[in-house]
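Thank you all for coming; I would like to take a few minutes to walk through one model, going from whole chains down to single residues. Please keep the structure open while I talk.

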Amino acid sequence: MEDEPLADLEATVATFTLDRLAPSLNPPVVAAVLDFEGGGRYQGELTDVDADSVAIGDRVEMTFRLISTVNGVRNYFWKARPKREG
Amino acid sequence: MSGVLSYGTYVPYYRLQRSAIAAALGTPSGKGSRAVASSDEDTTTMAVEAGRVAMRGLADGVAPGAVYFATADPAYLDKTNATAIHVALALPDDTAAYDMVGSVRSGVGALRAALDAKQPTLAVLSDLRTGLAGGNDERDGGDAAAAIVCGPGSDEAPVLAELVASASVTAEFMDRWRVPGARSSTVWEERFGGHAYAPLAEQALTDALKAADTTPDGLDHLIVTGPQARGVRAALAKSGARPEAVVDDLSATVGNTGTAHPGLLLSSVLDAAEPGALIALVVLADGADVLVFRATDALAQHRASPSVAQWIASGRDDLDYQRFLTWRESLVREGPRRPDPVSPAGPPRCVESSGSSGSSGAAAPSAAPATCRRHVSA
Amino acid sequence: MGSHGIRDRVAIVGMGCTPFGEHWDKSVDDLVIDSTTEALASAGVAVDDVDAFWLGTMGSGVSGLTLSRPLHLDYKPVSRLENMCATGSEAFRNACYAVASGAYDTVMAVGVEKLKDSGFSGLTMSPPPGDGTAVELTAPAMFSLLAPAYREKYGVDEQEMKDVLTRIAWKNHKNGALNPRAQFKREVSKEVICNSPLIAGQLGIFDCSGVSDGSAAAMIVRAEDAHEYTDKPIYVKALSFVAGPANGPIDPEYDYTSFEEVVRSSQDAYAQAGIEDPRAELALAEVHDCFTPTELVLMEDLGFAERGTAWKEVLAGTFDLDGELAVNPDGGLKSFGHPIGASGLRMLFECWLQLRHEAPAERQITNDKKLGLTHNLGGAPGECVSFVSVVGAEPSD
């Protein structure tokens with residue numbers, strides 16, 4: 001196992017779900033399994049996305065976001081958003 | 001020669017049409033829309049996104065010696081917020097990271113500090129502007145970030161816009177303030193602000209243009225920005241600049257992004273400015289600051305991607321007002337019967353961010369994206 | 001592989017199972033007293049004659065004291081186990097091994113969970129302090145990841161998949177309606193199931209198992225001693241348990257249409273039990289239908305259907321009570337309810353009833369097959385633990 005930066009690589013949605021039970025200020029939570037170009041997989045959230053339009057094979061890019069804020073503690077990590085600019 | 005070496009911006013995806021506020025509250029409608037940070041964004045995350053664009057524009061091997069993070073809406077006090085930006089941008093651990101937080105004026109302050117630095121220095125300006133429901137700040141504000149790497153140029157990192165002159169005037173008066181922890185700012189009567197800012201702007205602009213050995217009509221682009229709209233209008237009216245030189249303040253598409261706005265507007269000019277163009281940035285906040293730049297031949301080859309216009313074009317403007325209020329926690333809604341998510345614990349977070357490769361810090365700028373790892377099977 | 005099994009060396013000679021459901025008027029103590037009292041009576045044993053105990057609970061207590069206190073045990077060994085949703089099976093497995101080893105003569109495996117007292121919807125867990133990077137999806141969301149992946153791989157369209165999932169829930173409710181101990185003792189129409197409020201992905205509320213309170217218990221002795229307790233002992237043919245490497249979420253090879261842990265544990269169990277064609281040889285299978293897509297995928301992982309065909313078999317009724325292989329004849333997690341620590345033992349309780357022909361007549365399986373299977377899963381697709389047991393009404397030839 002070695003570290004490889006993935007934040008600037010694009011990825012493809014392998015499977016996904018809409019979690020309507022998880023607490024969120026912007027429900028539903030859209031979760032996806034992502035396969036990065038060149039290899040590597042990550043299971044995480046999609047953001048800035050139309051929940052009803054997500055499909056297997058969608059292209060996404062990583063974006064730095066808040067996963068949660070509880071008792072003032074901000075949990076920063078990466079999510080993915082649909083590839084849109086350029 | 002010192003100036004801008006690279007720049008990048010971030011405008012969040014969602015826009016709230018001002019007519020949506022009017023429709024919900026029965027108030028007179030404003031025009032256009034404002035940019036809205038999503039519920040999973042804050043000034044730190046937006047700063048990272050702008051910083052990623054700016055860092056992409058910088059040649060490999062050029063690392064800023066310091067990061068200055070400016071915002072009027074910091075995620076934390078006491079704890080430095082710039083360190084999260086530093087780690088997310090995978091900067092070397094000998095790059096210093098400092099906050100300049102609390103006031104709108106800290107934005108232009110961070111920019112000036114970066115321009116004064118002897119080595120490449122990243123100024124990240126980010127703000128999230130919200131006021132009381134139905135108020136001017138809610139309607140006219142916007143959320144965005146801008147990141148600008150400044151410093152002396154070099155072969156690998158040429159200057160894109162040279163700092164030609166600067167001037168600053170400081171004044172203490174009460175036209176706008178927010179008590180720490182408060183949700184909204186208090187603003188004195190608008191007419192007072194107009195009265196207070198006009199002479200400060202005139203004095204600073206006159207000093208800067210004199211130092212730049214030019215006149216107002218010699219400016220190709222004039223940016224005047226600040227949280228006091230009447231003061232800005234008065235300064236523009238008295239500037240003597242050609243009307244076509246006045247830069248769009250993005251109020252119709254993004255809103256006034258406060259601390260970030262000087263960086264956002266300067267970036268929007270750099271996105272299109274011709275070589276040799278003379279650009280004046282006037283910031284009216286608790287005084288007046290003026291920075292005069294001249295675009296260089298290198299700019300055309302190093303413009304940011306996405307541009308400000310691309311960010312604006314790629315958003316969606318159908319955010320409903322109830323969702324906006326929910327995101328800002330002005331409207332507290334009942335959630336599912338589920339426990340709160342678990343906060344990260346201090347020590348495990350520390351283990352993770354130091355990287356697991358075991359290499360000593362300085363040569364391993366992989367810490368943050370390392371939290372987003374590629375699995376290499378053994 | 002050095003998995004030898006303990007085929008026919010131990011037997012179940014008594015079982016107890018409380019009704020599952022909302023036990024607002026009972027404590028954890030009450031539930032374990034109820035299930036163990038029934039199991040002891042069924043074997044004709046006094047509590048003082050039990051040599052050792054294994055208690056499975058995920059979160060309704062810690063340590064052996066959770067059992068020794070309410071049962072007033074006289075300084076007996078009590079182990080408390082946790083293996084996520086396979087906790088009850090894990091208690092049973094370890095109890096069986098203790099007898100097979102010769103360490104004890106008479107032991108009891110007990111499972112209990114009281115989920116309703118949390119006040120939360122669905123299952124909750126308290127992870128240890130972490131760095132915040134773990135993805136916190138709810139259980140229905142994690143298991144719903146199976147549905148789009150299965151559809152994509154096998155060309156099943158969205159409506160067909162909804163019909164398949166609906167039929168699984170409909171079948172398990174239909175079976176549960178015949179079970180007086182089930183949490184949901186009623187049939188639910190396909191229309192109601194299919195139009196129930198969405199919880200995660202394609203899954204509605206009726207695609208999810210019941211959040212429940214309950215307890216179940218089994219008395220285990222050496223096979224040669226079994227007839228001292230009952231004329232109809234149930235022999236343990238196979239016990240297999242695996243914990244996967246949990247790399248599905250980071251391994252691009254994993255396609256979210258299978259649980260490799262289930263494949264491995266079932267193959268191991270079939271080898272221990274000498275089963276070659278599970279679909280033909282089993283009288284019934286009690287499987288971990290935590291959510292409807294889980295049962296669909298399990299039909300293939302357990303070897304009951306060829307890859308990519310389980311969805312058609314579900315629609316054809318292969319796994320109905322009167323189908324070729326009855327799956328979850330007691331209603332399953334879906335309808336019987338899923339009090340975590342008790343579920344694995346509840347599955348064995350149905351095998352106990354069915355293989356002894358003591359199930360209520362309307363759901364008694366009447367074929368002449370003598371083997372039953374239980375399958376219990378803990379975790380999520382790509383990162384789980386899996387347990388498979390085979391039990392039988394007769395010792396092997």
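Of the 397 residues of chain C, 62% count as buried, where buried means under 20% relative accessible area, exposed means over 50%, and partly exposed lies in between, computed with a 1.4 Å probe on the protein chains only. I should say at once that this is a predicted model, in which local features need a pLDDT of at least 70 and side-chain atom pairs count only at pLDDT 80 or more, while totals for chains, interfaces and linings use all residues. Residues are numbered from 1 along each chain as its sequence is written, chains are lettered from A and ligands numbered from 1 in the order in which they are written, and side-chain values use heavy atoms, with hydrogens and water left out.

Staying with chain C, its secondary structure consists of 13 helices and 12 strands, these being DSSP runs numbered from the N terminus, with H or I and at least four residues for a helix, and E and at least two residues for a strand. Chain C has a radius of gyration of 20 Å, close to the 21 Å that the globule rule gives for 397 residues, so it is as compact as a globular protein of that length; the radius is taken over C-alpha atoms, and the rule is 2.2 Å times the number of residues to the power 0.38. Along the principal axes, the C-alpha atoms of chain C fill a box of roughly 55 × 50 × 45 Å. If we take contact to mean heavy atoms within 4.5 Å, then residues 24 or more positions apart account for 78% of the contacts in chain C with a separation of 6 or more.

Chain B, for its part, has 11 helices and 13 strands. Its radius of gyration is 21 Å, close to the 21 Å from the globule rule for 378 residues, so chain B is as compact as a globular protein of that length. The box filled by the C-alpha atoms of chain B is roughly 70 × 55 × 35 Å along the principal axes, and 53% of the 378 residues of chain B count as buried.

Let me turn to the nonpolar cores, each of which is a set of buried Ala, Val, Leu, Ile, Met, Phe, Trp, Tyr and Cys residues joined through side-chain atoms within 4.5 Å. The largest has 96 residues, and those that touch the most other members are Leu34(A), Leu46(A), Leu111(B) and Leu266(B). Helix α2 of chain B, residues 43–56, supplies the largest share of this core, with 7 residues. Apart from it lies another core, of 59 residues, including Val29(A), Ile168(C), Ala273(C) and Phe304(C).

Now for a particular stretch of chain C: how many of the residues of α10(C) are buried? The count is 10 of its 10 residues, among them Thr292(C), Glu295(C), Leu298(C) and Met299(C). Just after α10(C), Gly303(C) takes a positive phi of about 80°. In the loop between β9 and α10 of chain C we find Val287(C), which is buried, with a relative accessible area of 0%. Leaving aside neighbours within four places in sequence, Val287(C) is in contact with residues including Glu295(C), Leu298(C), Met299(C) and Phe304(C).

Ser266(C), in helix α8 (residues 260–273) of chain C, is also buried, with a relative accessible area of 2%. Again leaving aside neighbours within four places, Ser266(C) is in contact with Asp301(C), Leu302(C) and Val388(C).

Last, the enclosed space. The structure holds 2 cavities of 30 Å³ or more; on a 1 Å grid over the protein atoms alone, a cavity is a set of points where a 1.4 Å probe fits but cannot get out, and lining residues have an atom within 4 Å of a point. The largest has a volume of about 50 Å³, the volume being the space filled by probe spheres set on the points, which are joined across faces, edges and corners. Its lining includes Ile168(C), Glu295(C) and Met299(C), and the largest share of that lining, 3 residues, comes from α6(C). The lining residues divide into 4 nonpolar, no polar and 4 charged, with Ala, Val, Leu, Ile, Met, Phe, Trp, Tyr, Cys and Pro counted as nonpolar, Asp, Glu, Lys and Arg as charged, and the others, Gly among them, as polar. The second largest cavity holds about 40 Å³ of space, and its lining divides into 4 nonpolar, 4 polar and 1 charged.

Terms used:
1 Å grid on protein atoms, 1.4 Å probe; cavity = no way out; pocket = protein on both sides within 12 Å on 5 of 7 lines; lining within 4 Å.
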